[in-house]
Amino acid sequence: MGAVSRDTRLTRDLSAEVAALAAVPLFALVDPARLDSLVRRSTARVVRAGTVVAVRGQPADHLVVVVAGALTALHDTAEGRRLRLGEFPAPCTVDKAAVLDGSGHSATWISTCRTRLRLLPAEALRDLIDDVPAVRHHVLGYLSRQLRHQQEQLVRASFTDTTARVAAWLVRAAGRPGTSRDTASRDTASRAGARVVLPGAQAGLAEAVGASRVSVNRALRALARDGLVRVEPGAVHVLALDRLTARARTPDGLG
């Protein structure tokens, strides 16, 4: 009786892990039998907030799958400056390009809260890309979006001021799933009502846009003065999304 109960529990746990993997966009169209195989080939890991999951430059021999929680991508310079490359909440996979090109992790990945991961061997990802067209299309789309995003970031860093970069970051953050919104503001595009939680408060936002905290504080005050946002400790309410979007595209800061 005990052995039967144990087998039943193991089967139930495996089914839950398969379902969790199916919720990740990369694996959404993978058949259940293949997902079951991926669960068996991967390693589960639970980490507390602030845990370094991978270090920039180290071999990326496993695909990091975020099943629950979130990871932050960081780049620390030799001069001691830190650039925050983004927040990646579950369900998602991170650093696919590093796993595919074998050149090492593109960032240092740190858990932002208690996070549940699955580490999938690199060869398993390559097998999926070879065998499953939906996975291949997903990866190609991801790489294309990454290239476009990096080009936009380069242009923005070269030709826009800090206020425009902060505005652009807020526009992207307001569109992410899970961002809270005021019910009364849902009916018009010009008043999005999104409440954006800042990663690490204003210091974290400064790391995200590649500026000093003082410059970011000044930019937020300018946007608030123009009626585009309302600032509170650790968060920003987007009041006029269309105007904020226009401000993000203005290099000279004149609106």
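User: Which residues point the other way from T108 and I110 in strand β7 (residues 108-111), and are they buried or exposed?
Analyst: In a regular strand, side chains alternate between the two faces of the sheet. Strands here are DSSP runs (E, at least two residues), as are helices (H or I, at least four), numbered from the N terminus. "Buried" means under 20% relative accessible area, "exposed" means over 50%, and "partly exposed" lies in between (1.4 Å probe, protein chains only). In β7, T108 and I110 take one side, all four residues are buried, and the ones pointing the other way are W109 and S111.

User: What kind of model is this?
Analyst: Residues are numbered from 1 along each chain as its sequence is written, and side-chain values use heavy atoms, with hydrogens and water left out. Local features need pLDDT of at least 70, side-chain atom pairs count only at pLDDT 80 or more, and totals for chains, interfaces and linings use all residues; this is a predicted model.

User: In what order do the 4 strands of the open sheet lie?
Analyst: Two strands pair if DSSP finds at least two bridges between them. β2 and β7 pair over 2 bridges, β4 and β7 over 4, and β4 and β5 over 7. The edge strands, each pairing on one side only, are β2 (52-54) and β5 (82-89). The pairing is antiparallel, and the order is β2-β7-β4-β5.

User: Which residue in β7 is the bridge partner of A54?
Analyst: Let's go across the sheet. On the β4 side, L74 stands opposite T108 in β7, while T72 stands opposite E87 in β5. On the β2 side, A54 has a bridge partner in β7, and that is W109.

User: What does the twist average from one strand to the next?
Analyst: Axes are lines fitted to C-alpha atoms (for helices, over the stretch in contact), and angles run from 0 to 180 degrees between N-to-C directions. For this open sheet of 4 strands, the average from one strand to the next is 30°.

User: How many bridges join strand β3 (residues 62-68) to β8?
Analyst: Strand β8 (residues 115-121) is mostly covered, with 6 of its 7 residues buried. It runs antiparallel to β1 (residues 43-47), with 5 bridges between them, and T43 has L119 as its bridge partner. With β3, H62 stands opposite P121 in β8. That pairing is antiparallel too, and its number of bridges is 6.

User: Why do the buried residues of α4 lie on the same side?
Analyst: An α-helix has 3.6 residues a turn, so residues three or four places apart point the same way. In α4 (residues 122-131), the buried ones are A122, A124, L125, L128 and I129. They sit on the same side of α4 because, going by the directions from the helix axis to the C-beta atoms, they cover an arc of only 165°.

User: Which element gives the most to the largest nonpolar core?
Analyst: A nonpolar core is a set of buried Ala, Val, Leu, Ile, Met, Phe, Trp, Tyr and Cys residues joined through side-chain atoms within 4.5 Å. The largest has 26 residues, and those touching the most other members include V166, W169 and L170. Elements giving two or more residues include α7 (201-209), α8 (213-225) and α9 (241-248). With 7 residues, the one that gives the most is α6.

User: How many residues does the second, separate core have?
Analyst: Among its members are L21, L63, V99 and V135. This core is separate from the largest one, and its number of residues is 25.

User: Is D95 buried or exposed?
Analyst: D95 is found in the loop between β6 and α3 (96-101). It has a positive phi of about 60° although it is not a glycine. Because its relative accessibility is 6%, D95 counts as buried.

User: What is the omega of the peptide bond from A90 to P91 near?
Analyst: P91 is found in the loop between β5 and β6 (92-94). The peptide bond from A90 to P91 is cis, and its omega is near -5°.

User: Which residue lies over the face of Y142?
Analyst: A charge sits over a ring if NZ of Lys or CZ of Arg is within 6 Å of the ring centre and within 35 degrees of the ring normal. At 3.9 Å from the ring centre of Y142, the residue over its face is K96.
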